[in-house]
Every structure is written in C-alpha cells, then in structure tokens.
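Trainee: Please take one part of this model and go through it closely. I would like to start from a single contact and then see what surrounds it.

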Amino acid sequence: MASLRISQVGVRGVVGRGGITASHALDFGAAFATFLATDGPVVIARDPRASGLMLREGLVAALLAAGRDVIDLGIASTPVIQHTIRQRQAAGGVSISASHNAAEWNALKFFGPLGTYLTTAEADELLDIYHLRRFYAAPWNKLGRVEMDSSAIDRYLDELSEVFHFDRLRQFRVVVDCSNGTSSRILRRLNERFGFSLILINATMDGRFAHEPSTSARVVGLQLAPLVQPLSADAGFLFDADSDRVAFATELGEPASEELILPMLADYLLPRSEGKIVLTNISTTSLNEEVAGWHGGKVVRVPVGRNAAIDALNAHRPEQIALAGEGTGAVMMPQFRFVYDGIATMLTLLEKCAAQQQPLSQLVAAMPGYSMLKGEVPLSRHKIPQLLELLATSFGEVSINRQDGLRVDLPSGRWGQNAWFHVRVSQTEPFVRVIAEARGTAPRDLFDEVMETTRAHA
Amino acid sequence: MSKREHLLKIGVSGIRGVVGEFLTPALACAFAQAFGTYTGRGRVILGRDTRSSGPMLEHAVTCGLLSAGCDVVQVGVLPTPTIQMYVAATGALGGIALTASHNPPEYNALKLFNEQGQFFNHYERGELIDLFHQGEFTDAGNFGLGSISQEYSTPARMHFDRVLKCVNRDRIRQRNFHAAIDAVNGAGSILTPHFLEQELGCRLEAISVDPTQPFPREAEPTPQSLGDLKELMKRTGAEIGFAQDPDGDRLAVAKPDGTLLDNDEVLALVVDAVLSRMPGNVVVNLTSSSVIDEVAAWHGCKVFRSAVGEANVVERMLAHKAVIGGEGSNGGIIFPTVHYCRDSYTGMAFLLDRMAETGLGITELAARLPKFYRVSTKVPFQHGRLAGIIQATEARFPDAKADRTDGLKLIWPDGAWLHVRGSNTEPLMRLSVESRDAERTQVLMKAGTDILGS
C-alpha cells in the first residue's frame, strides 16, 4: 500500500516505491533551500535508520546545489539539530527521522532559523515551492560545502547542564530504553562527561529496532518496565528514535500513561514559572485543566500538529507560556526555547522527584485518575462533515470545539465527570481517530456510541 | 540561436551539462538510479575529478545508487583510467566517474562504465537510456538499500603497477629525465608528480598540481592553453613536458623548446613503441592522422578506423583484437595490456621508455615520423544543418571516396582527407583536413569552411 504523506508536517512514508524515495530527498532539499529567507548554512542530522544515509546523500546534494553550506551532525536527535541551528546561526535545519514509526519508515522535518518547527504559513509556502518545482540553482562555482560537526551533542549537553542541577540528578539510578535511536549516543555522553549512571538498553544504532520506537505505555511495558525493579532503578524512561518524545515507568515497574507527562510537568513548572499558560492540543487529557487550576494556570488548546503549536506560541509572548506539549510525551519548555525535547523532559521529571522528595509512583498517584479510550475507523472523506454535524447535535447542551475535527465536552452527569470526546482525521494515516475520556472510570458507553455513529459513516 | 540550447546532453558519453540550471542533482541522482537498476545489486565504484561541482554530484549519485540497492565504493579524486581499472580489477558491477574531461569547469558529467571498466557499448547505452526515460527504477526499501564505503589508496597503486610492468622501469630511472608536468589542478595533481618522480625517477618541474584550486587554464591541453608549460620548459630546460586534462585520460607532450607535439604524433610514437614489442592490429578514430597508418606499415600491421569517441574506439579494438589504439585527434592512448581506456600514464611511460631505449630526445623521435599537414576547426552546432553540410560537401568533391561512419569523411587517392562531424560532447561541428602538402591542406580547409560558413 502506498504510504507516502506530504503535508505541513513534511514528507513521511515507508522507504521505497509508493513511499519516500531519493527524489523526495532531492526535491524537498531543493524546495527548502529555495524557501529559506536568510543566508547561512543548513543543519542536518539523522536517526540510525538504514535509509538515513540514502536520504542524507540526496538532501545534501540538493542543498549544495542551491549554494547552501551543510552542517551535518551525523546521527543526532531532533532537539540537537534545533539547538545547533541557533548556536551556529544557521538559516534552518532538516531532521531525517520518522521518530516513533517503525524501522522501515522515514521522514524529513524542517526547521526555521530559530530552531523551531515551521509555522503553518511557512509550511504551506514550502509545499507550494515543492509543487511548483522551480527550484533555485546556484551557479556552478558557488555551490555549498559540507562540514561534519561532531561536537554538537556535547554543546547541547553543556546547555542542559546550565539549566539543570546535574549534581542533584545524577544520584538517580535510571534504566533507559533508547529504542535503538539517537538518545543512545546522547545519554552515553551524559554518563561519560557528567557522571550519570543511566543504564541503557536497546542502545545499538545499526538501523535495526528491537521494538517500534513509540513512546506509549504499551511499548514501555514490553521490555523496559519489567527491568526496573530487578535493577533496583528509580525509574525507567523510553525515547522515540529522534528523542523528542519520552515515556516512563515508575520505580515499581509500572508503565505510566504518556498522557500524564504534560500535567505532571505542569504541576511542577506552573508554580515556578512567570507564564501561566499550558499550551496543548485538543486531543489531550482534561487532567491538564484540573492541574492548571491548582496553580492558577490556564490551558490553551489548539489543533493537533506541530505547526499549530508553533502558530499558537508565536501568538503569545514567551513569558506568558509555562510549557507546551502533546499527549505523546513531547513537551516544550521556555528554558529550551520551545523545542520538543524528550531528554529535557526526563530531566525535569527527575528534578520534580528530587524537589518533592517522592518516588515517581507517588507523583503518579498524586494525579487524579482520568481514563481515556481510543479507536480508529477507516475513512470515508465525503461523509465527515455530516458525521461531525450529527455528533455535535446528538448530546444536548454541550461545549463544542471545531478547531480540528470536533471536540465535545459534556456536562457532568450521565456520561461521568469531565467527560469529552474528540473525533478527527489523522494527519499521518487514513483514519478517523476517536478519543473519549472522563475523570475516574472510562466512559465506555460514550465511546461506544461515538464509535458506532462514526462507523456508520465510514 | 538561444544560449540555453544543448547545455545538457545525454548521449555517447553518459550525461553531461553545465552545472546549475541544467545538470541538476535530481537529474544526476535519477541517472545514477537508472544505472544502478541496470547493473543490479552489487558494488559500484564512484570517483571524480577536481571540479567544484564534484562533491555535490558525488552526494546525488551516491543517493541514486543506494536507492537502486547498490553498494557504493567511493574512491575520491582519481584519474578516469584509474577508476576504470579499479572497476575491472575488483569485480564491481560498474563504475561512474564524475568528470567532464576536457570540457570547461562549469560542465560536469557522469561517465559510465560496465563491469569490465569500459564505456558501455552502443547497445548497452541504448538500453540504459531507455531505462532512464521509462523511469522504472529500483526503489529499494529500508532493508534493501546499499551501503557506502571508501577506498582511497589502492586504486592508484594498482594502476601504476600495471603500467610499470609494461616498460623497462630501470632504464628509465637510470636516465633521471628532467621532465615537466602541467596537471591543470586536476585529478592527476597529486598522482602524476608521484608517478614521474617516485616511480620513474624524473627530476620534475611541476605546475598546476593543487587539486583544491580551480583550473588555471582551459581544461583541454592544446597549444593555446599550455603557455605556462611552454614558459616552464624554456626556463628550466626540461627534456620533455607533459600536460593532462582534468581527469587524466588525455595527454599532451611538449618538446624542450616548449612547442607541443601534435597529438597524432604522440599517438604515432606510442604505436611505434608498442608494435616494435608486440606486432598486431591498430584501431584509431576517423579523425586520426594517416601518420598512424605509415607507422603501422613499418611493422607490417593493419589499421582499422572507428567513429570518434573512446567507446567507439574500444568497441572496434575488441572486435579486431587490437594491441594498441587511440584517438590522435584528442590525445587518447588506449593500450589494452594495461586496460581498455585512454590513459595518459601509459603514454608518459612509453615515451620515456622509448627515449631511454633509443637515447634520442623527444624532438628527434618526432622528427623521424613522416610529415603530414593537418588542420581542424570548429563552429557552433545548429540543428538540422549537419545533414545539408554533408550533402553539400560530398557534392562539392565528387572525386573523393566517402565514409559515412561518423559524419562524412572524404578520402582522396593521394591520401588527403576531409572530415566533418558533430561533436559528441559539445554543441559544435568539427572539421578536420589532412594531406602531405601544406598548400593542399589549406585549399581543402578553405573549401570546407566555405561550406560550413554558407
């Protein structure tokens, strides 16, 4: 089945025919070089997927042909690219990584001169240039050059060491499942240079993945969680391939829901931050609102997707924001200039443990229980408006959010407390996604009813 | 005529064009992917000359080859003949040299080699071009993609060993020749000084041997482009001077007074040297001088002629089991014992060996060759004009015998000839004329240029 998806997120697919190929690397590289507004080099890096080399070669050729110098970080995480863009005053960056997807996938993601994801308008312009195919070509004697930069990871760690109190954090005994991704290289250096004692598993980087590199409680339960207690560890953390997302298990070896990470960090950061806004998308748990309420904070919800998050960040003053994140374990913090960074997220969670002098299991237990149900239904596009209209009107007096599909928040009562559901079309797969959540027990009846209505429109 | 015309050419020598708007990385990648689809999964050797667009195209071609499932062996900056030999010697499925050879620096090209390290023959080429146009390339999935490895030192050693086995190295070294080299800052910049000094014991005067710098002269080694070498020869009193093109397949030779030997004379001297050791058939292109025929006749050997272009000469050489061949018109010497490719290193070694053997200087050796008067010129190519020119030329000279193998070659009973053809690599028409008499050559040239100009 053809897997290629070209969207505001970039280009993504299974490598090979019908998916992402050499020509995408060349054409998107040329389009991105044409798109860039400022002079300067382009920073690139890749995760350890076998196809990374092929895509890098094509991308580098296209950037050089457009007269751009390339700073190649080799195998490095997406956050390291974003930090390097700022440090080296680059014009932009490209990450070659399908982050949480399986080994046979790959993707190109693009960053602007501030090291952030492109805004929606910028992403649209890049796509227009890609489709128009009138790429800028430098004259033959003005082509770019490639520089290998092997110290970017060290500079990134230096920056982390200025924000965190490493001397308080290195006491923790932590098992890390690197998912055979870029975190392996970074965390190894953290051990070597700063005396951390992280125990790394699935740390080889030969392009083979021991498991899908997805930051979910389910994957944490596969290999990581069972190791935590036998190793007497304080925590287990798991990263996706490009280390922008994280998931964890407590010291008791219990996988935590990935949805918990943002509210747990909000609980820690809101009292310590000038900003009172928690920025998230409309698919994440309502626990965020409850936690924000404890600290006089406020949740701002935007459509799903990274461009939308960047748009919303740009629409606020930086000091208004406490943190921003997804329900996937991807969190951005102002002290890291709003880069989704799994490793910074892990360190912040450990800092919370240190500050509150509580083990992770107690921090998790302190969070009110919410239960979420998720489903997906194959898509029939022409019936979607009709479906959303029907769902918006079938539940009486409700609060409606139509920013991205339909989110309906229901009054407490028949469906439970703080119950809501969200129906939207996936950006990356041909599905309608259905999510329902309530405080306490799962809203099974609500979920079943929404799923049934959705299936009837498939 | 629009200036955009023909700045890209896909044909006899692979794909060639001006880098920038015309020869794009996307095109190079797609062509490499077609090539890799054609060769199938296995090792492909990739090297380049020193052009500024070389690294960019190296990335693009590597991308295409990996996609086709080929394992890419990058050999870096090397002369084209070295790359060709390395392909054949290592059992690779093929090779690509990123070089536009003697073309100006804004050009670059993909020269494609089969598993024997030879240019694709006519039929292979057609199949590859069809594949390229059909666009049905292998797009390997994650686990079928090829790998990249580097091999920078062994290919040159192998090349030199092959050449040195064919000459009497000791007697060359004993002479301690005072030689000069102009490597045009090309692929021979490092290797050629090593070859002449370390391997052949020359006292060397070297210019333009910095591979990081642009070409300091026109890439094609001609009397007009080699003023610096001439100056160097006169200043240092070197006995012989050599000049290479950027990818080290072509050779020009200078005498102590700094003037150049005609390329046909260089080829004739090497043909003489080879046939004196191993008599056999000779193949040269249609535009090569009749001096080759005379030298071959000294040894009772036959000369066969092919269309212009290394690939065409090699095809005929294989068919006739030739012991030596080449293109006098452009300084290419092909000696199959070393490899079926144009190789300037073979030429240098044989000339020095001949000088050591005979005790004669290069001027004296050249003076022993029969004298022919040969001139050539080039005019911009215009679509559709060549056929009319060929008709008009043939009609103008009904007394000559016509050979239509490559454009039109007219041959008179006294041995004089006139050859008009379209260039394989540039948007040019080339006209060459030769006879034993300077005045007759001028008259024929005037008649030819009148037709071209009309």
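Mentor: Start in chain B, where the side chains of R342(B) and E310(B) form a salt bridge with an N to O distance of 3.2 Å. This is a predicted model, and every value here should be read with that in mind. R342(B) sits in the loop between strand 15 (332-334) and helix 12 (344-358) of chain B, while E310(B) belongs to helix 11 (residues 310-320) of chain B, so the salt bridge ties together parts that are 32 residues apart in sequence. Are the two partners buried or exposed? R342(B) has a relative accessibility of 7% and therefore counts as buried. E310(B), at 5% relative accessibility, is buried as well. The contact does not stand alone: salt bridges with shared partners link K111(B), D247(B), D249(B), E310(B), E327(B) and R342(B) in one network.

A further salt bridge in chain B joins R51(B) to D49(B), at 2.9 Å from N to O. Both R51(B) and D49(B) are buried. Over all chains, the structure holds 53 salt bridges.

For a case with partly exposed partners, turn to chain A. R193(A) and D158(A) form a salt bridge in which the closest N and O atoms are 2.5 Å apart. R193(A) is in helix 7 (residues 183-194) of chain A and D158(A) is in helix 5 (residues 152-163) of chain A, so this pair connects parts that are 35 residues apart in sequence. R193(A) is partly exposed at 31% relative accessibility, and D158(A) is partly exposed with a relative accessible area of 29%. Buried means under 20% relative accessible area and exposed means over 50%, so values in between count as partly exposed.

Charge also appears on the surface of chain A, where E122(A), D124(A), E125(A) and D128(A) gather in a negative patch. E122(A) is part of helix 4 (residues 120-132) of chain A, and its relative accessible area of 30% makes it partly exposed.

Next, the strands of chain A. Strand 10 (residues 235-239) of chain A is mostly covered, with 5 of its 5 residues buried. From this strand, A235(A), F237(A) and F239(A) point one way and G236(A) and L238(A) point the other way; all are buried. Strand 8 (residues 173-177) of chain A runs parallel to strand 10 of chain A, and 4 bridges join them. Here V174(A) stands opposite A235(A). Strand 11 (residues 246-249) of chain A pairs with strand 10 of chain A in the antiparallel sense, again over 4 bridges. In that pairing, V246(A) is the bridge partner of F239(A). Strands 10 and 11 of chain A form a hairpin with 6 residues between them, and S243(A) in the turn has a positive phi of about 60°.

Two other serines deserve a look for their backbone angles. S232(A), although not a glycine, has a positive phi of about 50°. S232(A) lies in the loop between helix 9 (225-228) and strand 10 of chain A, and at 54% relative accessibility S232(A) counts as exposed. In chain B, S208(B) has a positive phi of about 55° and is likewise not a glycine. S208(B) is found in the loop between strand 9 (203-207) and helix 8 (227-236) of chain B. With a relative accessible area of 16%, S208(B) is buried.

Key:
Residues numbered from 1 in each chain as written. Chains lettered and ligands numbered in written order. Predicted model: local features only at pLDDT ≥ 70, side-chain atom pairs only at ≥ 80, totals over all residues. Heavy atoms only, no water. Patch = residues over 30% accessible without salt bridge, like charges linked within 9 Å, V, L, I, M, F, W, Y side chains within 5 Å. Areas by Shrake-Rupley, 256 points an atom, 1.4 Å probe, with all protein chains shown as cover. Salt bridge = Lys/Arg side-chain N within 4 Å of Asp/Glu carboxyl O. Lys, Arg positive; Asp, Glu negative; His and termini not counted. Charge placed at Lys NZ, Arg CZ, Asp CG, Glu CD. Buried < 20%, exposed > 50% of the residue type's maximum accessible area, 1.4 Å probe, protein only. Pairing = 2+ DSSP bridges.
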